[in-house]
Amino acid sequence: METITSIQNPKVKHLLQLQQKSSERRKAGLFVVEGRRELLHCLEAGFEIDSVFVCPKVLAEYGELPLLPQGVRCVEVSTAVYEKLAYRGGTEGVVAEVKTRTLTLNDLLLPESTEKTESKENLERPEYPERPEFPKKPKSPLVVVLESVEKPGNLGAILRSADASGVDAVIVCDPLTDLYNPNLIRSSVGAAFSVPCVACTSAECIAFLKQKGIQILTAQLQDSHLYYDIDMRRPTAIVMGTESTGLTDQWRQAADAHIRIPMLGQIDSLNVSVSAAILMFEAVRQRQ
């Protein structure tokens with residue numbers, strides 16, 4: 001195993017550039033994953049690992065390195081080098097370079113819905129057992145669409161909620177953030193690997209949803225219905241905009257319904273990741 005003790009080593013400099021620059025990630029086709037748990041999620045999702053940098057002294061405090069496929073380059077680094085590489089504490093002595101994977105709308109495998117839904121008037125709220133068991137996947141397609149999401153941390157948090165609620169895909173339209181931004185990877189806690197995520201234009205996404213027969217529900221304050229009064233048992237796309245400007249007219253006009261979360265205080269908006277989680281789990285609730 002190769003050992004690196006200098007922060008001036010070219011491999012260390014390259015890894016730092018991958019962490020800091022989206023242009024370098026696109027050029028190299030690589031992104032950075034920190035931590036044993038995140039690396040394990042990455043492997044389970046079938047991502048190809050290029051190199052792993054291990055600090056034995058730190059790793060020993062947490063356990064063993066996950067089993068790596070043959071051919072993965074493993075590099076031992078000193079504590080000083082690891083502290084330079086690790087963006088945050090608690091990354092368990094492991095930093096990896098992973099090959100990017102680009103999905104398109106045509107790559108998404110959405111479930112085929114064969115169920116007939118009742119009218120909204122007959123949609124009764126279920127009585128929950130003491131420990132409700134949610135399905136692993138919804139019975140009809142459930143997609144989250146984000147238009148011009150600005151903060152990678154918000155996108156990571158949405159992916160985490162999408163994984164928890166069994167969402168089939170997250171589609172990022174006209175993205176302002178890199179899907180392999182380190183802050184996104186960290187905040188998703190592995191969901192960036194488990195939830196299919198596609199970047200495309202809004203026009204492409206709208207055409208895709210219409211072609212698939214998926215209803216478009218846009219989250220907005222104007223001309224909208226309370227979110228729990230809309231039937232989400234049908235194939236559904238929940239569409240969120242930015243916190244500052246909301247959705248563009250393109251999405252408002254394409255929508256089958258506009259939905260809102262009731263706001264009882266003086267502030268008229270929630271963090272987009274919080275709003276998305278509320279709406280995703282309403283779809284889960286209705287599908288029980």
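# Exercises on two sheets and their helices

Helix 11 lies across strand 6 (142–147), strand 9, strand 11 (236–240) and strand 12, and runs at about 165° to strand 11. Helices (H or I, at least four residues) and strands (E, at least two) are DSSP runs numbered from the N terminus, while angles, from 0 to 180 degrees, are taken between the N-to-C directions of axes fitted to C-alpha atoms, for helices over the stretch in contact.

The model is predicted, so local features need pLDDT of at least 70 and side-chain atom pairs count only at pLDDT 80 or more, whereas totals for chains, interfaces and linings use all residues. Residues are numbered from 1 along each chain as its sequence is written, and side-chain values use heavy atoms, with hydrogens and water left out.

## The parallel sheet

**Task.** Work out the strand order of the open sheet of 7 strands, and say which strands stand at the edges.

**Solution.** Start with the order, which is 8-7-6-11-9-12-10 with parallel pairing; two strands count as paired if DSSP finds at least two bridges between them. Next, look at the ends: strand 8 (197–200) and strand 10 (225–226) have a single partner strand each, so one side of each is left without a neighbour in the sheet. Finally, check one pairing inside the sheet, where 3 bridges join strand 9 (residues 215–219) to strand 12 (residues 257–260) in parallel, and where threonine 218 has histidine 258 of strand 12 as its bridge partner.

## A residue within strand 11

**Task.** Decide whether alanine 237 is buried or exposed, and list what it touches beyond its sequence neighbours.

**Solution.** First place the residue: alanine 237 lies in strand 11. Its relative accessible area is 0%, and alanine 237 is therefore buried, given that buried means under 20%, exposed over 50% and partly exposed in between (1.4 Å probe, protein chains only). Then list the contacts (heavy atoms within 4.5 Å): not counting residues up to four places away in sequence, alanine 237 touches Val143, Val145, Leu209, Ile214, Gln215, Ile216 and Leu217. As a last step, compare sequence with space, for alanine 237 and proline 141 are 96 residues apart in sequence and 8.1 Å apart from C-alpha to C-alpha.

## Two packed helices

**Task.** Describe how helix 6 and helix 11 pack, giving the angle, the axis distance and the residues that meet.

**Solution.** Begin with the geometry: helix 6 (residues 152–164) and helix 11 pack at about 15°, with their axes 9 Å apart. Helix 6 and helix 11 are therefore roughly parallel to each other, since angles under 35 degrees count as roughly parallel, over 145 as roughly antiparallel, 65 to 115 as roughly perpendicular and the rest as oblique. Then go to the residues, where Asn154, Ala157, Ile158, Ser161, Ala162 and Ala164 of helix 6 meet Val272, Ser273, Ala276, Ala277, Met280 and Phe281 of helix 11. Finally, consider a charged residue of helix 11, glutamate 282, which counts as buried at 6% relative accessibility; leaving out residues up to four places away in sequence, glutamate 282 touches Tyr227, Tyr228 and Met232.

## The mixed sheet

**Task.** Give the strand order of the open sheet of 5 strands, and locate helix 1 against that sheet.

**Solution.** The order is 1-4-3-5-2, with mixed pairing. Strand 1 (2–4) and strand 2 (30–34) are the edge strands, each pairing on one side only, and the twist averages 25° from one strand to the next. Helix 1 (residues 10–20) packs on this sheet, touching strand 1, strand 2, strand 3 and strand 5, and its direction makes about 90° with that of strand 2. Within the sheet, strand 3 (residues 49–54) and strand 5 (residues 94–99) run antiparallel and are joined by 5 bridges, with isoleucine 49 opposite valine 98.

## The nonpolar cores

**Task.** Identify the members of the largest nonpolar core that touch the most other members, and the helix that gives the most to this core.

**Solution.** A nonpolar core is a set of buried Ala, Val, Leu, Ile, Met, Phe, Trp, Tyr and Cys residues joined through side-chain atoms within 4.5 Å. Of the 49 residues in the largest one, Ile49, Val52, Leu155, Leu159 and Val170 touch the most other members. Helix 11 (residues 272–286) gives the most to this core, with 5 residues. A second, separate core has 22 residues, among them Val145, Ala169, Cys200 and Val239.
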